[in-house]
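Biologist: I should like a close look at a single part of this model, set out in one connected account.

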Amino acid sequence: MSRSLNRRSFLKFAAAGAAAAALTPRNWAAVPGANSDVRTAFIGFNGRGKNHLKDAKDLKGMRISGLCDVDSNVLRKEAASNPGAATFTDLRKVFDSKEIDAVVIATPNHWHSLAAIWAIQAGKDVYVEKPISHNVWEGRRLVQVARASDRMVQCGTQSRSSIQGLAQAVAWVQAGNLGKILYAQGLCYKPRPSIGKTTGPQKIPDGFDYDLWCGPREVVAPHRNNPKNGPVHYDWHWFWEYGNGDLGNQGIHQMDIARWFLGEKSFAPRVWSAGARLGYVDDGETPNTQAIFHAYEKAPLLFEVRGLTSKSGSKEMDEIHGASVGVVVYCEGGHLVVPDYTQATAFDKDGKKLQSWKGSVSHLGNWLDAMRSRKSASLHGDVEEGHVSSGLCHLGNISQRLGQAGDANAAREAVKADKPGSEAIGRMVEHLAANGVQLAQTPLTFGPSLAFDPAKETFPGNAAANAQLKGNYRAPFVIPEA
């Protein structure tokens, strides 16, 4: 580990409490290159990070000064396209570098909070991909460290930069133009085929620092080897140690949009989930079929995940009001559909189109503007907002993981008071039947309805659920308790 971030220094820093976490405000204009280019390092770019690099090249005032990836093959290819950028395997050396002002973090989910915290403590501004955390506890730690610093911390929920589109639609709905909101429905109907079944531990590719890739998690040889992605890349999303399923992968975007329309700034006081991984047997652990219900008092938030196509043999995905990966907001006077990241359309009760909105600005560009102004309030993807939307995914998964196999009819009866959720279970059963899934042989799992304290961010009196709010951390990759 580098000298400036060794474990002794890290623990000493953490022990001083939140006040110590606050970095001494620096004069941004005095930072080398700040008045011309913000020297930015990109950490992880085998997936979403590639998009960030492309966007950065179109931003005047952002210089690609560093590239970091644990896969030497990925790093070498990207370095060839960005001559002059320093290359790193270890992200801690990025944080040590005085030639780097800011970092973009697009690592696997289990690294997001820790990498962002270390970067903030090293004095860097941070853009961290969604979800900003792998669990609720570390997300709150990230918010605390960010708030105690003067760093600009942007969450990668880019729909928040749909200023001409979604922001206008949200304001229109919240102004009561469709009457009272009944509930918001997030959709992640996205094809997720089987990743295959291995027979044992898989070999790590040459030139891949797997110890660093595991970071906070124990070093365990991967048990996956999809020909498309290999033993390490991408399919980590479907394993609890590293990912959060499609709910926390694609679904975090739509979860964030749905909550935005509801105007909720914190967690719901109750949550439940139902689903399973069905339609094939593979190495994956997370559900490919799931319904999550957040019982907000004013209007609930329902979320649905489907990885199977509309029916056996089809390549099409199901849709609701024309959206498959999107949001539908149901109101007393009609409904509004958000089919993507940048547009929305409102309809009356008869289905007549009332109004549409469309447009967005660069989310990375918004972060760059905030770094120049040093006004965190101008960030579109505030870290607290990112924490809540990420946490909604985590809470749903906690109910799911505490669930038991059961009868769908009995489960629907148990949650009949949560009418949109009960109806979602019914749709789920029909969808699975269309895909030839025999629930008598491979039943659904129904999670408990969990009471949650939004202020304390705990499940009152529920030790089993509280145990899943925080992950296990391997030294020296440890998030400070304070």
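Modeller: What follows concerns the sheet, the helices set against it, and a helix pair.

The model is predicted, so local features need pLDDT of at least 70 and side-chain atom pairs count only at pLDDT 80 or more, whereas totals for chains, interfaces and linings use all residues. Residues are numbered from 1 along each chain as its sequence is written, and side-chain values use heavy atoms, with hydrogens and water left out.

The sheet is open and consists of six strands (strands being DSSP E runs of at least two residues, and helices H or I runs of at least four, numbered from the N terminus). Read across the sheet, the order is β3-β2-β1-β4-β5-β6, and the pairing is parallel (two strands pair if DSSP finds at least two bridges between them). The edge positions belong to β3 (86-88) and β6 (153-155); each has a single partner strand, so one side of each is left without a neighbour in the sheet. From one strand to the next, the twist averages 20° (axes are lines fitted to C-alpha atoms, for helices over the stretch in contact, and angles run from 0 to 180 degrees between N-to-C directions).

Within this order, β4 (residues 102-105) and β5 (residues 125-128) run parallel and are joined by four bridges. Ala102 has Asp125 in β5 as its bridge partner.

Helices pack on this framework. Helix α4 (residues 72-81) touches β2 (62-68) and β3 (contact means heavy atoms within 4.5 Å). The direction of α4 makes about 155° with that of β2. Helix α6 (residues 112-121) lies across β4, β5 and β6, and runs at about 170° to β5.

Turning to the helix pair, the axes of α7 (residues 136-147) and α12 (residues 383-401) come within 9 Å and cross at roughly 175°. The two helices are therefore roughly antiparallel to each other (a term for angles over 145 degrees). On the α7 side, the residues that meet α12 are Val136, Gly139, Arg140, Leu142, Val143, Ala146 and Arg147. On the α12 side, the partners are Val383, Glu384, His387, Gly391, His394 and Leu395. By class, this contact has six nonpolar, four polar and three charged residues (Ala, Val, Leu, Ile, Met, Phe, Trp, Tyr, Cys and Pro count as nonpolar, Asp, Glu, Lys and Arg as charged, and the others, Gly among them, as polar).

Definitions and conventions:
Angles under 35 degrees count as roughly parallel, over 145 as roughly antiparallel, 65 to 115 as roughly perpendicular and the rest as oblique.
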